[in-house]
Amino acid sequence: MDVDRFMRERADGWEELRALVRQAGPRPQRLGSEPLLRLGRRYRAAAADLALARRLYPGHPVTRRLERLVTDARQSVYATEPRRRSLRSFLTTGYWRRVQERRAPLLAGLAMLFGPMILATVWAIDDPAAALGIVPGEFQGAAEPGGGGGLSTGEEAAFSSAVYTNNIRVTFLVVAGGVLLGLGSAAVTIFNGGFIGALFGLTIEAGTFDNLLRFVLPHGLLELSCIAVCCGAGLRLGWAIVDPGPLTRGASLRREARAAIEIVLGTMPWLVLAGLIEGFVSPGQPPLAVAALVGVAAVAPFWALVILRGRPDHARPL
């Protein structure tokens, strides 16, 4: 069957399903018995069409449209009455499912943070004078020769506080920036990845990179992961406005806003953990091997929980 015939024969059913989903929203019970039965039938037919389209027309626009339609319809078909969830349920399953349920924005957030970081590191090594201009003033002392290892106790505390405060601020900004079609989230994340990379390159050029690593590694891997996850939430907000699917832009934005708030709230305990490590471990400038071990021990459980607890079979529908 060619794709044009496939679309002609099934388009009416898809349009009816789209209309029913738009009418049902998050509460399908509002449809009444007969429309609700039609919603179920149309959803099953569209799911079968999607399976066929993936096999016959992979990569075709009609397949991508069907994927969005079936995803939105599934949320209506399997919607449940709103219920209060325990904090334990949210922390053990709900949060991790939120993080993993949109993998493309999550991967984009990681790329926007670590890609500019690598490029800025190379640039700062090649042109340290220019790179110093994008490093905020409170961090420039660490890039000076001897700055990474000759700080007094008070200076170490001030630097640690500046890093932690900056990361908390960035976490909220990358989510809030999503309402600017995701561009705000992308800009904040790229800038922070760039200035961190510039700081790395400047300390490499100044011969103090090992001192900076001993300070950053214990808490930095976890903090950067939290920022990337929140950037993904911001990008989801932006995409909800750009491509709302069968919902109105307002309804689509409200749906993703709830997910973004849950991601921010679930990320906060991990930022607090990173802050505790930053306050009690990092200022001691542990040996590089110890610093790396602490950093991996802090970040590995986070991503293990994203992968394992974030799978749909580990969580009930939200």
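**Close-up views of helix α1 and of Ser225**

**View 1. The start of helix α1 in the predicted model.** At the start of α1, the backbone nitrogen of Asp4 has a side-chain oxygen of Asp2 within 3.1 Å. The helix that begins here comprises residues 3-24.

**View 2. The length and bend of helix α1.** With 22 residues at 1.5 Å a residue, α1 should span 32 Å, and because its end C-alpha atoms lie 29 Å apart, the expected and computed values agree. The course of α1 nevertheless includes a kink of about 50°, which is centred on Arg10. After the helix comes Gly25, a residue whose phi is positive, near 60°.

**View 3. The buried residues of helix α1 and what covers them.** The buried residues of α1 are Val3, Phe6, Gly13, Trp14, Leu17, Arg18, Leu20, Val21 and Ala24, so that Arg18 is listed here together with residues such as Leu17 and Leu20. Among the elements that cover these buried residues are α2, formed by residues 33-56, and α3, formed by residues 61-77.

**View 4. The surroundings of Ser225 in helix α10.** Ser225 belongs to α10, which runs over residues 209-242. With a relative accessible area of 5%, Ser225 falls under the 20% cut-off and is therefore classed as buried. When its neighbours within four places in sequence are left aside, Ser225 is in contact with Val299, Phe302 and Trp303. With one of these residues, Trp303, there is also a polar contact, made between the two side chains at 2.9 Å.

Note on methods. Residues numbered from 1 in each chain as written. Predicted model: local features only at pLDDT ≥ 70, side-chain atom pairs only at ≥ 80, totals over all residues. Heavy atoms only, no water. Helix = DSSP H or I, 4+ residues; strand = E, 2+ residues; numbered from the N terminus. Buried < 20%, exposed > 50% of the residue type's maximum accessible area, 1.4 Å probe, protein only. Polar contact = N/O pair within 3.5 Å; in protein donor to acceptor, adjacent residues only side chain to side chain. Contact = heavy atoms within 4.5 Å. Expected span 1.5 Å × (residues − 1). Bend = angle between axes of the 7 residues up to and from the residue.
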